[in-house]
Amino acid sequence: MSATHLGVITNNQHQVFQRAVIAGIRQVAGAHGYDLVIDSYADDETQPRPITLDYRAVAGVCVIADAAPAGLLREMVDARTPVSLVSHQVSGLPIPSVSADNYQGIAELMRHLVIECGRRRVVFIRGVGGQWDSEGRKTAFGREVMRYNLDVPPEHLLRGDFSAEVAARSLQALIASGAQFDAVLAADYRMGIAAVDTLRRAGYVVPGSVSVVGFGDAEEAEAAGLTTVAADIAEQGRRAARQLISQIEGLPIRGMTVLSVRPVIRDTSLPDGPARAGRR
Amino acid sequence: MRASTANKATHSQLRQHNRQLLLRAIYEGVADNRAALAQETQLAKPTVSELIGELIDEGLLVEEGRGQSTRGGGKRPRLLRFVPAARQVIGVSISEDHIMAALAYLDGRIVARHYTDLGGARGEDVIAAVGETINGLIAQLDAPLLCIGLGVAGVVDAGAGTVIHAPHLDWAQVPLARLVAGMYDTPAYLAHSTALVAMAEYVYGPTEPVHCFAVVRVGSGVGVGLVINGAIYHGGGEIGPLRVGDGLGSLDTLLGWPCVRQRAEALRREHTPSLLPGEDEPLSYLHIRHAADNGDRAALALRDELSRHLAQVFAWITGLLTPDHVALAGPITDLGEPLLEQAAAYTREWVGAGPLRPVSFSLAEAPSLVAVGAIAQALHRELGLV
């Protein structure tokens, strides 16, 4: 390792999001003559190991989401190591970041559900509690609920952790409770796909009786026909690498670069005419 | 600058003006080859050829294919196309608590935004934060930077590029455009935030182009912006300190968010039970909207009061300027169409039939309007586009 290397700290480099971000970082780093040193400390999620990246031995560090604790980030700031965060922000630390526009994305999905699909009883599946993206999307959902004057009881805010399993379990419990709803907005596309599967297994017609949408996009979402807002994850990686390299080259940067998302309307949201009110 | 005043212009100003004429003609699709440009702009053919060659060298135009030959059977002309990706522009909005900048191509397409929380910073620290915010987008440039547009609420001398007085930032006589131009070695333009919202809404908004377009922006204070004949009129700005009749206070005390918060709390206590959040809970215009939509008496009373105060401003503007269109902008737009409809109805009632032509009203709700307006203004000043 040397000043010709950029460090990347992530929990698991094999996850879809992290893999795409790293691909973007690698592309820009390579074009600027840097190699990557990746510290992926929880590839085995049952046995995470401590972060071992020597940040003093690299030119700068990209941290993906909340993979590095605030204490380590502060150490890097104190050591004047250039750092950029991807999809994360830590209040009180002068570290710039790059993120997709969570507020715009949720606003687009809610507008689609309410205005274009005519839905009023929306269920929200949250992401990981306390995680920056999750909190932003949850807050944005709350704002749009007020904007459209929707009645969303607390039991319609489902526990999720960006995994299909937890999303499916939460939705199964809601269905078993007999709750009435006509739309599901998942804080990410994997949970959205799980919601479509769970609803169909339970006898709901998607999108006839329930519209389902999810944040973020990938090949799996396309294959499942899920309506999403596309956040170009590799682009986030590329932009974060540019931000980091600019800092290394002496440009002081503060704040967050936000990238717009794009609605992708597929097969799981727009109800099929008069069939939309019924349940199979 | 028109030909009649050209004699006052320096050679370089005239050249710049002619470049802008040509670029604009191509940008707007009025002409797409040298002969048509000469005819359209009344410039001499050698001048057109020389300037077009310069614009091609700079990458702002490309030659692409050939058009139809003239009736006389002349050579088919080489077609010219404007290249929006040849340069990028940064627009910056500086408000009391944060800075928001946007990076766009020459057609206004936004590539990225950058937000910086000011965290209570004031004075020179804000100037440093402006630089650190712009740097966030300098890092993301995909093409050379053409220029930077800046928007600030306060008393602004747009011509000199100076913020005369912005107490919320602890700024007085700050030559902001010169400072930013010096930092990046690029032209920088300054205007009042609300004037830029008017420009953004006029250029990129849904309303058809009109002779006189006004924006009333309500947030922590109250501002008015005007676009007249397609150009910003820099006489607008802050109107919040204006007093409204005896004993009613200023517009800021009636419409500024800190006072709206206080009024919401007073009405909540007066009309219990209320759906409005309690004193120690977060409150936004969306909370007020939600409560009003559900028939909450305190929220409905507040919305009615606000619509009357807005109507007062709309009526003044209508009476003084007879604008074709008035747009309401700023965080207050979260109160939605009912607020606007009420305000428009009061305005029509108060203005009366009179000698005035009908005025239309709309909400300007798109995000980042100040920064987008700063981009539009910079493009207008630098290239004569929009």
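Two strands are taken to pair if DSSP finds at least two bridges between them. On this criterion, six strands of chain A in the predicted model form an open sheet of mixed pairing, in the order β7-β6-β8-β9-β10-β12. The edges are occupied by β7 (157-158) and β12 (262-264) of chain A; each has a single partner strand, so one side of each is left without a neighbour in the sheet.

Within this sheet, strand β9 (residues 211-215) of chain A runs parallel to strand β10 (residues 227-230) of chain A, and three bridges join the two. In this pairing, Gly214(A) is placed opposite Thr228(A) of β10(A). Helix α6 (residues 189-201) of chain A lies across four strands, namely β6 (122-125), β8 (183-186), β9 and β10 of chain A. The direction of α6(A) is at about 160 degrees to that of β9(A).

Parallel pairing is also found around strand β1 (residues 5-10) of chain A. This strand is mostly covered, with five of its six residues buried. Strand β2 (residues 35-40) of chain A is parallel to β1(A) and is joined to β1(A) by six bridges. Thr10(A) has Ser40(A) as its bridge partner in β2(A). Together with helix α1 (residues 16-31) of chain A, β1(A) and β2(A) make a right-handed β-α-β unit. Strand β1(A) also pairs with strand β3 (residues 60-64) of chain A, again in the parallel sense, over four bridges. Here Gly7(A) stands opposite Val61(A) of β3(A).

For chain B, the domain assignment gives domain 1 (3-82), domain 2 (86-204 + 369-383) and domain 3 (212-364). The C-alpha centres of domain 2 of chain B and domain 3 of chain B are 26 Å apart. Their contact involves 18 residues from domain 2 of chain B and 19 residues from domain 3 of chain B.

On the side of domain 2 of chain B that touches domain 3 of chain B, at least two residues are supplied by each of β7 (155-157), β10 (188-192), α6 (193-204) and α12 (369-383) of chain B. Helix α6(B) provides the largest share of this side, eight residues. By residue class, the side of domain 2 of chain B that touches domain 3 of chain B comprises eleven nonpolar, five polar and two charged residues.

Note on methods
Residues numbered from 1 in each chain as written. Chains lettered and ligands numbered in written order. Predicted model: local features only at pLDDT ≥ 70, side-chain atom pairs only at ≥ 80, totals over all residues. Buried ≥ 20, exposed ≤ 12 C-beta atoms within 10 Å, placed from the backbone. Right-handed = clockwise from strand over helix to strand, strands pointing away. Domains from an automatic or database assignment. Contact = placed C-beta atoms within 7 Å. Nonpolar A, V, L, I, M, F, W, Y, C, P; charged D, E, K, R; others polar. Axes fitted to C-alpha atoms, helices over the stretch in contact; angles between N-to-C directions.
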